[in-house]
Amino acid sequence: GETPGDGIDNDGNGHVDDVYGIDTANDDSDPRDDHSHGTHTMGTVAAVGDNGIGVAGVTWNARIMALKFLDAGGYGSTTDAIEAVDYMTMMKRDYGVNIVVSNNSWGGGLFSQPLKDAIAASNAEGILFVAAAGNLGEDTDLSPHYPSSYDLPGIISVAATDHNDNRASFSNYGATSVDLGAPGVNTYSTTPNNGYGNKSGTSMATPHVAGATALLMNRNPNATL
């Protein structure tokens, strides 16, 4: 609903020129990645395959809404995270954008009821919340890691596995609080400015699951979370 670059909030959603998403850290509509982390995860979700270029994502035809709340150093506030989640929910509920899953390769901080409520609201609109289990090597049944440890049916908490399909040594785990594992060691993917590189972490495991979710929802659009 936006006309790019005209400086006007054409669709009346409270954000000017938000054609790609928003940046709540800097309070603008330019969510370009100045860290590399987000670009790397999204390449795993949706880099185009079978084109002889770079890498292939799990799904090859997804569209990405970029929601940035972390700064160049990788830090951000829970308030800005909530604003990003609320924006996503609004765009599906009020503007009909077909969002089926959010990839959340981030975590930290204490329990936040407002953040849990924001995630629950996105779940209510049919958006699955796939979240990194965390990189402290801890049992999150005993030491919760948020947002992955919120007890909501619409959250999938993802641990990292290595090339032997074993849990990565750094990965959090939890019989109740972590749902599954996915590859997250030396994952090769996209970086800003047409680059590629390896990264490790539960952040790298999470987009494998988000991409698979997108494939599943494309195959069966009427499936519940």
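In this predicted model, helix α3 tucks a good part of itself away: L115, K116, A118, I119, S122 and N123 are buried. Seen down the helix axis, these buried residues fall within an arc of 160°, so they line one face of α3. Over on the other side of α3, P114 and A124 are exposed. As for what sits over the buried residues of α3, the cover includes helix α2 (78-93) along with β4 (128-132) and β5 (155-161).

The length of α3 can be checked with simple arithmetic. The helix runs over residues 113-124, which makes 12 residues, and at 1.5 Å a residue it should span 16 Å. Its end C-alpha atoms turn out to be 16 Å apart, so expectation and model agree. At the N-terminal end, α3 is capped by S112, with a side-chain oxygen of S112 lying 3.1 Å from the backbone nitrogen of L115. L115 thus turns up twice, since it also belongs to the buried set of α3. Past the helix comes G126, and its phi is positive, near 85°.

One of the elements covering α3, strand β5, deserves a closer look. All of its residues are hidden: 7 of the 7 are buried, so β5 is largely enclosed by the rest of the structure. Its side chains split into two sets, with I155, S157, A159 and T161 pointing one way and I156, V158 and A160 pointing the other way. Both sets are buried.

Strand β5 also has partners to pair with. With β4, the pairing is parallel and takes in 4 bridges; here A131 has S157 of β5 as its bridge partner. With strand β6 (residues 180-183), β5 again pairs in the parallel sense, over 4 bridges. In that pairing, A160 stands opposite A182 of β6. S157 and A160 belong to the two sets that point opposite ways from β5.

Turning to another helix, T44 is found in α1, which covers residues 37-46. T44 is buried, because its relative accessible area is 7% and the cut-off for that label is under 20%. Leaving aside residues up to four places away in sequence, T44 touches G57, V58, T187, S189, M204, P207 and H208.

Methods. Residues numbered from 1 in each chain as written. Predicted model: local features only at pLDDT ≥ 70, side-chain atom pairs only at ≥ 80, totals over all residues. Heavy atoms only, no water. Expected span 1.5 Å × (residues − 1). Buried < 20%, exposed > 50% of the residue type's maximum accessible area, 1.4 Å probe, protein only. Arc of directions from axis to C-beta. Contact = heavy atoms within 4.5 Å. Polar contact = N/O pair within 3.5 Å; in protein donor to acceptor, adjacent residues only side chain to side chain. Pairing = 2+ DSSP bridges.
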